[in-house]
Amino acid sequence: MEADGHAIRCIGRGESLQDILAWQPKLVVEAAGQTALVQHGACILDAGVPLIAASVGALADDSLHRALMAAAQRGETQLHIPAGAIAGIDALAAMPDPVQVTYTGTKPSHAWPDGTPEGTFFEGTAREAARQYPKNANVAATLALAVDGFDKTSVRLVSDPQAKGNSHAWIGSGGGSEISVSVRNVPTAHNPGSSALTIHSLHRTVRNLTLAIAL
């Protein structure tokens with residue numbers, strides 16, 4: 001199939017990393033979970049192929065973070081982090097240090113792992129959230145990466161049986177500015193914990209890497 005004039009191929013079951021690299025891709029998009037990024041991210045970057053990572057929470061592991069940075073440098077390429085289900089990342093990343101960020105993620109009860117109690121069930125750092133809820137806390141990790149602060153970004157997670165969609169709210173302050181952003185998203189059809197906006201964000205990131213003018 002084609003997207004914006006560029007051929008796209010999806011990975012099928014049983015296909016390996018060698019199969020991917022044999023196509024000599026211009027770009028790889030990871031949307032398969034943290035394990036896939038851990039297993040294949042560095043090799044893709046080492047091969048000089050730009051990589052867009054949806055499973056941002058995996059970067060809460062400092063050793064993986066360093067390994068991906070080193071691989072990108074060796075491959076003279078880049079690891080791209082999409083905004084995902086939130087807004088305002090460009091402004092947050094532009095704020096001068098020090099920056100304080102607080103994030104609240106609210107989703108319907110069925111969007112969280114089985115057994116999660118209703119109400120506020122987690123309060124901690126972005127690093128802790130990304131490790132404990134790898135399928136639900138990528139937004140917290142993206143905010144933390146924007147300010148280089150996995151241990152400084154405060155996270156609150158809420159299970160709300162009355163919630164209509166997945167809501168993300170964050171406040172960032174620093175350099176004389178304060179930003180407050182709130183987004184409510186429709187979940188994807190097959191995964192209530194993931195927002196449909198994430199898919200559109202991945203497409204936007206691909207588009208920006210292929211168009212003459214990126215916005």
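A nonpolar core is a set of buried Ala, Val, Leu, Ile, Met, Phe, Trp, Tyr and Cys residues joined through side-chain atoms within 4.5 Å. In this predicted model, the largest such core holds 47 residues. Leu92, Tyr103, Leu143, Val155 and Leu157 are the members that touch the most other members. Helix 6 contributes the largest share of this core, namely six residues. The points below begin with that helix and then turn to the strands, the second largest pocket and several individual loop residues.

**Helix 6 and the nonpolar core**

- Helix 6 spans residues 138-146 and is mostly covered, with seven of its nine residues buried.
- The buried residues of helix 6 are Val139, Ala140, Ala141, Thr142, Leu143, Ala144 and Ala146.
- The elements that cover these buried residues include two helices, helix 4 (89-94) and helix 5 (126-132).
- Strand 6 (100-107), strand 8 and strand 9 are also among the elements that cover the buried residues of helix 6.
- Among the core members with the most contacts to other members is Val155.
- Apart from residues up to four places away in sequence, Val155 touches Tyr103, Phe122, Glu123, Gly124, Thr125, Ala126, Ala129 and Ala140.
- One of these contacts, Ala140, is a buried residue of helix 6.
- Asp148, just after helix 6, adopts a positive phi of about 55°.

**Strand pairing around strand 6**

- Strand 6 pairs with strand 9 in the antiparallel sense, over seven bridges.
- In this pairing, Ser173 of strand 9 stands opposite Gln100.
- Strand 6 is also joined to strand 8 by six bridges, and these two strands run parallel.
- Here Thr106 has Val158 of strand 8 opposite to it.
- In a regular strand, side chains alternate between the two faces of the sheet.

**The open sheet of strands 3, 4 and 5**

- An open sheet is formed by three strands in the order 3-4-5, with parallel pairing.
- Strand 3 (28-30) and strand 5 (79-80) are at the edges and have a single partner strand each, so one side of each lacks a neighbour in the sheet.
- Strand 4 covers residues 51-53 and is joined to strand 3, with which it runs parallel, by three bridges.
- Glu30 has Ala53 of strand 4 as its bridge partner.

**The second largest pocket**

- The second largest pocket encloses about 810 Å³ of space.
- Its lining comprises 33 residues, and those nearest the pocket centre are Ala54, Asn138, Asn191, Ser194 and Thr198.
- By type, the lining residues of this pocket are 15 nonpolar, 15 polar and three charged.
- At least two lining residues come from each of helix 6 and helix 7 (196-208).
- Helix 7 gives the most to the lining of this pocket, supplying four residues.

**The loop between strand 8 and strand 9**

- Asp160 is located in the loop that runs between strand 8 (154-159) and strand 9 (166-174).
- The relative accessible area of Asp160 is 27%, so Asp160 counts as partly exposed, falling between the cut-offs of under 20% for buried and over 50% for exposed.
- Asp160 and Lys107 are 53 residues apart along the chain, yet their C-alpha atoms are separated by 6.0 Å.
- Beyond its neighbours within four places in sequence, Asp160 is in contact with Thr106, Lys107, Pro108 and Ser109.
- Of these contacts, Thr106 also appears in the pairing of strand 6, where it stands opposite Val158.

**Backbone features in other loops**

- Asp97 and Pro98 are joined by a cis peptide bond, with omega at about -5°.
- Pro98 belongs to the loop between helix 4 and strand 6.
- Gln24 is not a glycine, yet it has a positive phi of about 55°.
- The loop between helix 1 (17-22) and strand 3 contains Gln24, which is exposed with a relative accessible area of 67%.
- Glu76, likewise a residue other than glycine, has a positive phi near 50°.
- Glu76 lies in the loop between helix 3 (62-75) and strand 5.
- The relative accessible area of Glu76 is 75%, so Glu76 is classed as exposed, the cut-off being over 50%.

How values were computed. Residues are numbered from 1 along each chain as its sequence is written. This is a predicted model: local features need pLDDT of at least 70, side-chain atom pairs count only at pLDDT 80 or more; totals for chains, interfaces and linings use all residues. Side-chain values use heavy atoms; hydrogens and water are left out. On a 1 Å grid over the protein atoms alone, a cavity is a set of points where a 1.4 Å probe fits but cannot get out, and a pocket is an open set with protein on both sides within 12 Å along at least five of seven lines; lining residues have an atom within 4 Å of a point. Grid points are joined across faces, edges and corners, and a volume is the space filled by probe spheres set on the points. Ala, Val, Leu, Ile, Met, Phe, Trp, Tyr, Cys and Pro count as nonpolar, Asp, Glu, Lys and Arg as charged, and the others, Gly among them, as polar. Buried means under 20% relative accessible area, exposed over 50%, partly exposed in between (1.4 Å probe, protein chains only). Contact means heavy atoms within 4.5 Å. Two strands pair if DSSP finds at least two bridges between them.
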